[in-house]
Amino acid sequence: MSEKLQDKFGKKMPWVMGNQIRIPRIKYPTYREGSLSLPSPGRSMMLLGTFIFLFWLLMGGIYILIKEPSAMGGNASGAIMWLYPSTSDAFVIESIVAAVLIFMGGAGFFLLYNATKHSFNYNYAIKLLILGLVLAGTSFGILQYMMAVKTGKITVS
């Protein structure tokens, strides 16, 4: 930042310099003996890595690695099944869909939070609010439907 000379010197020299002259502030780098600067990934790459790891955890990555053999999505006769008929096990595709739905609900809550930040821009805030409610509600509804099918409360032909 810079400050006006007029503000710095005040009433001492009001006639010499006007209000428009500013003193530039330059921050010079400091040399530290023995320090080594290595290139590191940016914050966006770290955030992306964190989201990928979180997605893997939400999808049940540890369970899929431990379970031998992994259930891939079919019954004994070879017919394709999307949901495992028990709540104690899950197919890989079912786990991926559940993780996507959880991320979709999280994005909905993130949009709800951002709608409060844009309260002075009413139209934009309402759009964010509606989109956030739709995403969070849809993901919650689909996850509840999946659980109802898995527990047998709803039968799908």
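Start with the order of the elements: from the N terminus on, the protein chain runs β-α-β-α-α-α-α. Colour the model by secondary structure and you can count five helices and two strands. Keep in mind as you look around that this is a predicted model.

Next, show the whole protein chain and colour it by burial. Of its 157 residues, 19% are buried. You can also think about how the chain meets itself: among contacts between residues at least 6 apart in sequence, 44% join residues at least 24 apart.

**Stop 1: the nonpolar core**

Select Leu83, Ala98, Leu101, Met146 and Val149. These five residues form the largest nonpolar core. Now add helix 4 (92-117) and helix 5 (122-151) to the view, since each supplies at least two residues of this core.

Which residues does Met146 contact, once its neighbours within four places in sequence are left aside? Click on Met146 and look for Leu83, Glu94, Val97, Ala98 and Leu101. Remember Glu94, as it comes back at the next stop.

**Stop 2: a salt bridge**

Select Lys150 and Glu94 and show their side chains. They form a salt bridge, and the closest N and O atoms are 2.8 Å apart. The pair links distant parts of the chain, with Lys150 in helix 5 and Glu94 in helix 4, 56 residues apart. The count of salt bridges in the model comes to one.

Are these two residues buried or exposed? Both Lys150 and Glu94 are buried.

**Stop 3: the largest pocket**

Keep Lys150 and Glu94 on screen, and add Ala90, Ser95 and Ala98. Of the 17 residues that line the largest pocket, these five lie nearest its centre. Helix 4 and helix 5 are the elements that give two or more residues to the lining. Helix 4 gives the most, with five residues.

The largest pocket has a volume of about 240 Å³. What classes of residue make up its lining? Colour the lining by class and you will find 10 nonpolar, four polar and three charged residues.

**Stop 4: Tyr63**

Move to helix 3 (residues 61-66), where you will find Tyr63. Tyr63 counts as partly exposed because its relative accessibility is 33%. Not counting residues up to four places away in sequence, Tyr63 touches Ser88, Asp89 and Ala90. You have already met Ala90, one of the residues nearest the centre of the largest pocket.

Try the distance tool here too. Between Tyr63 and Val92, which are 29 residues apart along the chain, the C-alpha atoms are separated by 9.9 Å.

**Stop 5: Ser139**

Go back to helix 5 and pick out Ser139. Why does Ser139 count as buried? Its relative accessible area is 5%, and buried means under 20%. Show what Ser139 touches beyond four places in sequence: Leu101, Met104 and Gly105. Leu101 is a familiar name, as it belongs to the largest nonpolar core.

**Stop 6: Ala115**

For the last stop, select Ala115 in helix 4. With a relative accessible area of 8%, Ala115 is buried. Leaving aside neighbours within four places in sequence, the contacts of Ala115 are Ala125, Leu128 and Leu129.

Finish with one more distance: the C-alpha atoms of Ala115 and Gly132 are 8.5 Å apart, while the two residues are 17 residues apart along the chain.

Note on methods. Residues numbered from 1 in each chain as written. Predicted model: local features only at pLDDT ≥ 70, side-chain atom pairs only at ≥ 80, totals over all residues. Heavy atoms only, no water. Core = buried A, V, L, I, M, F, W, Y, C linked by side-chain atoms within 4.5 Å. Buried < 20%, exposed > 50% of the residue type's maximum accessible area, 1.4 Å probe, protein only. Helix = DSSP H or I, 4+ residues; strand = E, 2+ residues; numbered from the N terminus. Contact = heavy atoms within 4.5 Å. Salt bridge = Lys/Arg side-chain N within 4 Å of Asp/Glu carboxyl O. 1 Å grid on protein atoms, 1.4 Å probe; cavity = no way out; pocket = protein on both sides within 12 Å on 5 of 7 lines; lining within 4 Å. Points joined across faces, edges and corners; volume = space filled by probe spheres on them. Nonpolar A, V, L, I, M, F, W, Y, C, P; charged D, E, K, R; others polar.
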